[in-house]
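Here is a small set of exercises to work through with the model open in your viewer. Try each task before you read its solution.

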Amino acid sequence: MLSLASGSVFDSADLVAVAASSFDQTSGGAPETPVVCVGDTIATDGQEGFLRGHGTQIVDGELVATVSGAVERINKLVSVRTLKSRYTAELGDVLVGRVREISGKRWKVDINGRQEAVLQLSAVNLPGGIQRRRTAEDELNMRSVFQEGDLISTEVQSFFADGSVALHTRSTKYGKLKGGQLVTVACSLIRRQKQHFIPLESLGVDVILGCNGLVWVTPHVAGAPAAAADQTSEPDTDVEPSVSAKQRAAVCRTANALRALGALGISITPATIEDTCKASIDAGVQLHAMLEGPFLEVIISQETQRRQRQ
Amino acid sequence: MQPTAGPGPSSEALAKRSDRTELQLRVLTCERSLLHRADGSAKWSQGQTSVLAAIYGPRLTFAKKEHPETCVVEVLVRPKTRLPGPTERQTESLIRQCVEGVVLTAMHPRTAILVVIQVVQNDGCVMACALNAVAAALVDAGIPMHQNFVSVTSALMPGASVVIDPDLAEEQAAEALVCSACTTCRSWPEASAAQKGPAVLAVYTRGAMPVEDYLTLVELNRQGCERVAQFSVMAAEKSLVGKSR
């Protein structure tokens, strides 16, 4: 089934094609996911009361796709999901973003979306208690909380009238991220789930799955929530937490597992991350070899088995 | 392709096609997602002509450029060699109008879409090829659109014959050229039930010709677009099936 010569030059396009064909074989006689192109009419089976979801519009009473992708139906809601697009925010999403600029009482945060998101001074926890007035002095000291270029974990709080996003970090688990590694994948690969702060104790790492496709990996801290910085108790220190070589290796292994899953277009969940890391340890794969053809084949066959089980 | 003696003034032998008939398109190929920094990219080839298109956005832009209610489209065309000139400006404006015509710009206020086009190889019909590449890249970027579009060029040759999809030698020998972009119309909003088929989105002409010939070329392009649309939809579906899960 997988006919890639080992040691061949890594070509992700080829492998994705191989992955697609091997997944096709698993579906067997099951009905295939319907795929539409831009401008195609989506069959609504003559029912009147369908709801128009993302990626669709109504033309002459017919539901028409505005993007190319897979049709998803949830009860009466019909929407089209694309393979890749910019991140579209939803209320309560956990995100990883980068501070781009400080203007007035707000930070502008790049969240890989259509517009830069806004984190207002009133939406962060300042040192020295939660119930506190925001003074002009706090405004001048905003750089001591988040600087330009800082990575932060936040949550979507609300939307403005033009669709831009307001964020907040009013919880100890959100805040500045340090002492870890960032991996970027397509945001469609990260489904919304109950937990986005995931301690993977078996691997010795903590993972933050940002809904916008940014994933943060740090060494596991026992007992503490995954977010590193706790802004409420102590002022921000720029001292990086010390990390042993073993912990670094664990972080790199997890990060490479995420990159491999991202390259193959396999959805990222705690289970797939753990399985991929364990497979690489079991097979004795070196860290740098995790993104090469032979190991990607292992991941594909693993995913094929997982889908057969479902 | 016929090994031509180089571009020059029209001669019957030069303009004669050896490997296809006057009403035959060249071989089409389309590759998607070639560039990893862009939100969407595609390489479109028609015979020896090849164009690479990249889409960035919808994303934030300078306050000066943004529009409070719609998404702004910017287009940059880069020729294979030399700096962009007036020809490129013209291609840019045509492409911008086409993209603005199909993308749901009101959905993304205060943002911009940047379209960058690099001509990789020029063997005629660069404008049509660029439009096709942009359409494929828009689909790859997952930007919501009313309709997709395709484009075909045809030429009026000396001696009142017409050819579709001319190569560079034919293009230089031609008396007049018409490049048109049509929607891949499966359901155009304004189309009545009787008039189903590609609707013309934009037309570019070069040279002088009688009105009847112009209409013939536009109709020829429309029929050519139908074929290209079939290919473009097939290519898009092929890239989606199996990966969409």
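**Exercise 1. Contact range in the two chains**

Task: In this predicted model, find what share of the contacts in chain B between residues at least 6 apart in sequence join residues at least 24 apart, and then do the same for chain A.

Solution:
- Step 1. For chain B, keep the contacts between residues at least 6 apart in sequence; 68% of these join residues at least 24 apart.
- Step 2. The matching share for chain A is 64%.
- Step 3. Add the elements as background. Chain B has 5 helices and 9 strands, in the order α-β-β-β-β-α-β-α-β-β-α-β-β-α from the N terminus. Chain A has 5 helices and 16 strands.
- Step 4. Now turn to burial and surface. In chain B, 52% of the 245 residues are buried, and the chain exposes about 11200 Å², of which carbon and sulfur atoms supply 54%. In chain A, 46% of the 310 residues are buried; its exposed area is about 15100 Å², with 51% from carbon and sulfur atoms.

**Exercise 2. A strand and its surroundings**

Task: Decide whether strand S8 of chain B is enclosed or open, and why. Then identify its pairing partners.

Solution:
- Step 1. Apply the cut-off: a residue is buried when its relative accessible area is under 20%. By that test, 8 of the 8 residues in S8(B), residues 176-183, are buried, so the strand is largely enclosed by the rest of the structure.
- Step 2. Check both faces. B:Ala176, B:Val178, B:Ser180 and B:Cys182 point one way, while B:Leu177, B:Cys179, B:Ala181 and B:Thr183 point the other way; all of them are buried.
- Step 3. Look for partners. Strand S6 of chain B (residues 149-156) runs antiparallel to S8(B) and is joined to it by 8 bridges; here B:Ser151 stands opposite B:Ala181.
- Step 4. Strand S9 of chain B (residues 200-206) also pairs with S8(B) in the antiparallel sense, over 6 bridges. In this pairing, B:Ser180 has B:Val203 as its bridge partner.

**Exercise 3. The second largest pocket**

Task: Describe the volume of the second largest pocket and the residues that line it.

Solution:
- Step 1. The space in this pocket comes to about 1200 Å³.
- Step 2. Its lining has 43 residues, and those nearest the centre are A:His54, A:Arg86, A:Tyr87, A:Thr88 and A:Glu90.
- Step 3. Map the lining onto elements. Strands S3 (56-59), S5 (69-74) and S6 (77-81) of chain A are the elements that give two or more residues, and S6(A) gives the most, with 4 residues.
- Step 4. Sort the lining by class: 16 residues are nonpolar, 18 polar and 9 charged.

**Exercise 4. A hairpin and two serines**

Task: Characterise the hairpin formed by S14(A) and S15(A), then place A:Ser202 and A:Ser242.

Solution:
- Step 1. S14 (residues 197-200) and S15 (residues 205-209) of chain A pair in the antiparallel sense over 4 bridges, with A:Ile198 opposite A:Val207.
- Step 2. The hairpin has 4 residues between its strands, and A:Gly204 in the turn has a positive phi of about 75 degrees.
- Step 3. A:Ser202 is in the loop between these strands and is partly exposed, at 48% relative accessibility. Leaving aside neighbours within four places in sequence, A:Ser202 contacts A:Glu274 and A:Lys278.
- Step 4. A:Ser242 sits in the loop between strand S16 (214-219) and helix H3 (245-264) of chain A. With 73% relative accessibility, A:Ser242 counts as exposed. Its C-alpha lies 8.1 Å from that of A:Gly179, 63 residues away in sequence.

**Exercise 5. Backbone geometry in chain B**

Task: Which residues does the cis peptide bond join, and where are B:Arg110 and B:Asp165?

Solution:
- Step 1. Start from the usual case: most residues other than glycine have a negative phi, and most peptide bonds are trans.
- Step 2. B:Gly57 and B:Pro58 are joined by a cis peptide bond, with omega about 5 degrees; B:Pro58 is in strand S3 (residues 49-59) of chain B.
- Step 3. B:Arg110 has a positive phi, near 60 degrees. B:Arg110 is in the loop between helix H2 (86-102) and strand S5 (111-121) of chain B, and is partly exposed at 27%.
- Step 4. B:Asp165 also has a positive phi, near 50 degrees. B:Asp165 lies in the loop between strand S7 (162-164) and helix H4 (168-173) of chain B, and is buried with a relative accessible area of 2%.

Technical notes:
Residues are numbered from 1 along each chain as its sequence is written. Chains are lettered from A and ligands numbered from 1 in the order in which they are written. This is a predicted model: local features need pLDDT of at least 70, side-chain atom pairs count only at pLDDT 80 or more; totals for chains, interfaces and linings use all residues. Side-chain values use heavy atoms; hydrogens and water are left out. Buried means under 20% relative accessible area, exposed over 50%, partly exposed in between (1.4 Å probe, protein chains only). Contact means heavy atoms within 4.5 Å. Accessible areas come from the Shrake-Rupley method with a 1.4 Å probe; for residues, only the protein chains shown count as cover. On a 1 Å grid over the protein atoms alone, a cavity is a set of points where a 1.4 Å probe fits but cannot get out, and a pocket is an open set with protein on both sides within 12 Å along at least five of seven lines; lining residues have an atom within 4 Å of a point. Grid points are joined across faces, edges and corners, and a volume is the space filled by probe spheres set on the points. Ala, Val, Leu, Ile, Met, Phe, Trp, Tyr, Cys and Pro count as nonpolar, Asp, Glu, Lys and Arg as charged, and the others, Gly among them, as polar. Two strands pair if DSSP finds at least two bridges between them.
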